[in-house]
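Here are my notes on this entry, point by point. Please read them with the structure open.

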Amino acid sequence: MKEQLEKIKLSFSDELESACLEKDINDIRIKYLGKKGEITNILKQMGKMEPEERPIIGKVANEVRNFISQNIELKLHKVREDALNKRLIEEKLDVTLPGKRINLGHKHPLSTVLDEIKQIFIGMGFSIADGPEIESDYYNFESLNMPKNHPARDTQDTFYINDNTVLRTQTSSVQIRTMQSQKPPIRIISPGRVYRSDAVDSTHSPLFHQIEGLVVDKGITFSDLKGTLQIFIEELYGKDSVIRFRPHHFPYTEPSAEVDVQCFSCNGKGCRICKNEGFIEILGCGMVHPKVLKNCNIDPEIYSGFAFGVGLERLAMRRYNIDDMRLFYENDVRFLNQF
Ligand code: DAH
């Protein structure tokens, strides 16, 4: 019996030695100290022993039992400590490491120029108006004195959604919407997207941006228009900017003009960018046609107004010396990072 206990002690020590998980150690505890465990088995056999042997074997059995339970506690303690240390090492955080840089985005160059333009006009007492991009034929053409079959419609390759609905080709539609919903005096600009079925090249895109301007009040004259646009261009491009007005025709203004600004590349001498003109056209404008005022129930005998429409991309291209409009839409970070 004593030898048996010694053997149990040895095999227990071996098993405990190789156990490294808490679960395995608990299994060992059950195997040796459990109700059907090895030590319990021995103790159960005590009854069959000679009475004088009992205390001796009992003492040894108790010693082995204490040995087993003490070593199990020690080993459990060690395994738990090891697991904790392992976790601490794995989860270690080096707070002295440099942080990961998060690249911040910034405004798109078109938004930067647009924001500047808005500020310039807000400074002159204008407010910002808005209109839908999916527009009726009436607001996009008809009410602007461009009835069906009017030749001026051909200059704008229109995306039709159905016979009466288009993707607006110009922000001029917002002029009508504004005059129908507000009484003069009116002083608004309306920036937004416009659409034309144009092939993409360095100066064309099926989607681009315009900024419409409209002023209606008593006694508004062409010199108000000239002065306003002169200030606008000087604020945007600098006091020494040179602009010129050229007579032109638009169905919704009379008289009408186009405005050119001196070429930023050759300063008026003539080069590839301005096609040897020395000037680049940047906007269309004129005095609001009496028919257009009437379409909006504004009496042309009492009120007059001026309007203008300008391409945002063109202004931004001149502003940043960009010679290809496609760069604005490709969103190549190497391009965008330069602004
Ligand atoms: N709508 C014209 C265009 O898309 C631009 C324009 C010209 C707007 C004259 C106006 C204007 O308000 O008076 O080319």
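**Notes on R168, the cores and the domains**

1. R168 sits in a loop, the one that joins β4 (165–167) to α7 (173–181). Bear in mind that this is a predicted model.

2. What is the nearest side chain of opposite charge to R168, and how far away is it? It is E133, at 4.7 Å. A salt bridge needs a side-chain nitrogen within 4 Å of a carboxyl oxygen. R168 has no salt bridge, yet R168 is buried.

3. Backbone oxygens do come within reach of the R168 side chain. The backbone oxygen of R193 is 2.8 Å from that side chain. For the backbone oxygen of G131, the distance to a polar atom of the R168 side chain is 3.4 Å.

4. The surroundings of R168 are worth listing. Setting aside residues up to four places away in sequence, R168 touches G131, P132, E133, E135 and N140. The list goes on with S173, V174, G192, R193, V194 and Y195.

5. Now the nonpolar packing. The largest nonpolar core holds 39 residues. Inside it, I117, F232 and F308 have the most contacts. F308 contacts F121, I189, I211, E212, G213, L229, L283, G284 and C285, with neighbours within four places in sequence left out. Another core, of 21 residues, lies apart from that one, and V174, I188, V216 and Y252 are among its members. V174 is also one of the residues that R168 touches.

6. Finally, the overall layout. The chain is divided into domain 1 (2–90) and domain 2 (109–336). Their C-alpha centres are 93 Å apart.

Technical notes. Residues numbered from 1 in each chain as written. Predicted model: local features only at pLDDT ≥ 70, side-chain atom pairs only at ≥ 80, totals over all residues. Heavy atoms only, no water. Core = buried A, V, L, I, M, F, W, Y, C linked by side-chain atoms within 4.5 Å. Buried < 20%, exposed > 50% of the residue type's maximum accessible area, 1.4 Å probe, protein only. Contact = heavy atoms within 4.5 Å. Domains from an automatic or database assignment. Helix = DSSP H or I, 4+ residues; strand = E, 2+ residues; numbered from the N terminus. Lys, Arg positive; Asp, Glu negative; His and termini not counted. Polar contact = N/O pair within 3.5 Å; in protein donor to acceptor, adjacent residues only side chain to side chain.
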